[in-house]
Amino acid sequence: MLQKSRIFLFGFAFLTFMPTLAHSNNTGSQSSFTEAEVLTKAEGLMGSSAAGLAKAIERAFSDLGAPNAFIEGEEFGGAMMIGLRYGEGYLNLRSGQTRKIFWQGPSVGWDVGGHASKVITLVYNLKNSEDIFRRFPGVDGSLYFFAGVSLNYQTAGDVILAPIRTGVGMRWGANIGYLHYNKEHSWFPF
């Protein structure tokens, strides 16, 4: 049991700090969104009263710089050691184009409860909008007692995602899993 705990903690630390080590020094340009633009969009989606929202966005910009795309949407999920998560929204590109996007995925870990969330996912190093349609592994820790804000990082290839969630529900714990981003909705979590 102790060995499994060490493996879990090593995986958690590796996936949490990997995006920081791969920092692109992208501080903003015509091809990326500013912190003020993202905060305005997030407040419009999640409400300006979402506690911790500005801090989560500030942290993502501090760690990774300015994103060149973002996803805004909604998701719901639940877990009893094994979890599922489903969501849908729109991928917003700096060019002004938007694309409908869906995501779902499994997770496993010390995680119990359920949630419904508004999500804004900052997207880094997206050279082609087709590059988003794949699996992104990550580690997530949640503590919702009726409301909360969370931030985690997911990486696949050069693309880094930073989902920021504000949600309601009762969910607590940590898990390892992935989200699979698709062009069409699917109830199949894998």
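Modeller: Let's start with a definition: buried means under 20% relative accessible area, exposed means over 50%, and partly exposed is in between, using a 1.4 Å probe and protein chains only. The model is predicted: local features need pLDDT of at least 70, side-chain atom pairs count only at pLDDT 80 or more, and totals for chains, interfaces and linings use all residues. Residues are numbered from 1 along each chain as its sequence is written, and side-chain values use heavy atoms, leaving out hydrogens and water.

Biologist: Happy with that. Why does glutamate 72 count as buried?

Modeller: Glutamate 72 has 18% relative accessibility, which is below the buried limit, so it counts as buried.

Biologist: And what makes glutamate 72 and lysine 41 a salt bridge?

Modeller: A salt bridge needs a side-chain nitrogen of Lys or Arg within 4 Å of a carboxyl oxygen of Asp or Glu. For glutamate 72 and lysine 41 the closest N and O atoms are 3.9 Å apart, so the pair qualifies. Glutamate 72 is in strand E1 and lysine 41 in helix H2, so the bridge ties together parts 31 residues apart in sequence. Lysine 41 is partly exposed, at 39%. Helices (H or I, at least four residues) and strands (E, at least two) are DSSP runs, numbered from the N terminus.

Biologist: How many salt bridges does this rule give?

Modeller: The count comes to 9. Another of them joins aspartate 63 and arginine 59, at 2.8 Å from N to O. Those two are 4 residues apart in helix H3, which means about one helical turn separates them. Aspartate 63 is buried at 9%, whereas arginine 59 is partly exposed at 46%.

Biologist: What makes the link between lysine 183 and glutamate 130 a salt bridge?

Modeller: Their N to O distance is 2.8 Å, so the salt-bridge rule is met. The pair links distant parts of the chain, 53 residues apart: lysine 183 is in the segment after strand E6 (159–182) and glutamate 130 in the loop between E2 and E3. Elsewhere, salt bridges with shared partners join Glu75, Arg85 and Arg165 into one network.

Biologist: Phenylalanine 133 is in that E2–E3 loop too. How do you know whether it is buried or exposed?

Modeller: Its relative accessible area is 18%, so phenylalanine 133 is buried. Leaving aside residues up to four places away in sequence, phenylalanine 133 touches Arg99, Ile101, Tyr181, Asn182 and Lys183, where contact means heavy atoms within 4.5 Å. Phenylalanine 133 and tyrosine 181 are 48 residues apart in sequence, yet their C-alpha atoms are 4.9 Å apart.

Biologist: What makes Met81, Ile82, Val108 and Trp110 a patch?

Modeller: Patch members have over 30% relative accessible area and no salt bridge; like charges are joined within 9 Å, and nonpolar side chains (Val, Leu, Ile, Met, Phe, Trp, Tyr) within 5 Å. Methionine 81 is partly exposed at 39% and isoleucine 82 is exposed at 62%, so these two pass the accessibility part of the rule. The four residues have about 410 Å² of accessible area together, by the Shrake-Rupley method with a 1.4 Å probe, counting only the protein chains shown as cover for residues. Strand E1 (69–93) and strand E2 (98–124) each supply at least two of the patch residues.

Biologist: What is unusual about phi of methionine 81?

Modeller: Most residues other than glycine have a negative phi. Phi of methionine 81 is near 75°, a positive value. Asparagine 125, in the loop between E2 and strand E3 (135–145), also has a positive phi, near 65°.

Biologist: How do you know that helices H2 and H3 cross, and at what angle?

Modeller: The axes of H2 (residues 35–46) and H3 (residues 53–64) come within 10 Å and cross at roughly 145°. Axes are lines fitted to C-alpha atoms, for helices over the stretch in contact, with angles from 0 to 180 degrees between N-to-C directions. Among the residues that meet are Val38 and Leu39 in H2, and Ile57 and Phe61 in H3.

Biologist: And what elements does the whole chain have?

Modeller: There are 3 helices and 6 strands, running α-α-α-β-β-β-β-β-β from the N terminus on. Of the 190 residues, 47% count as buried.
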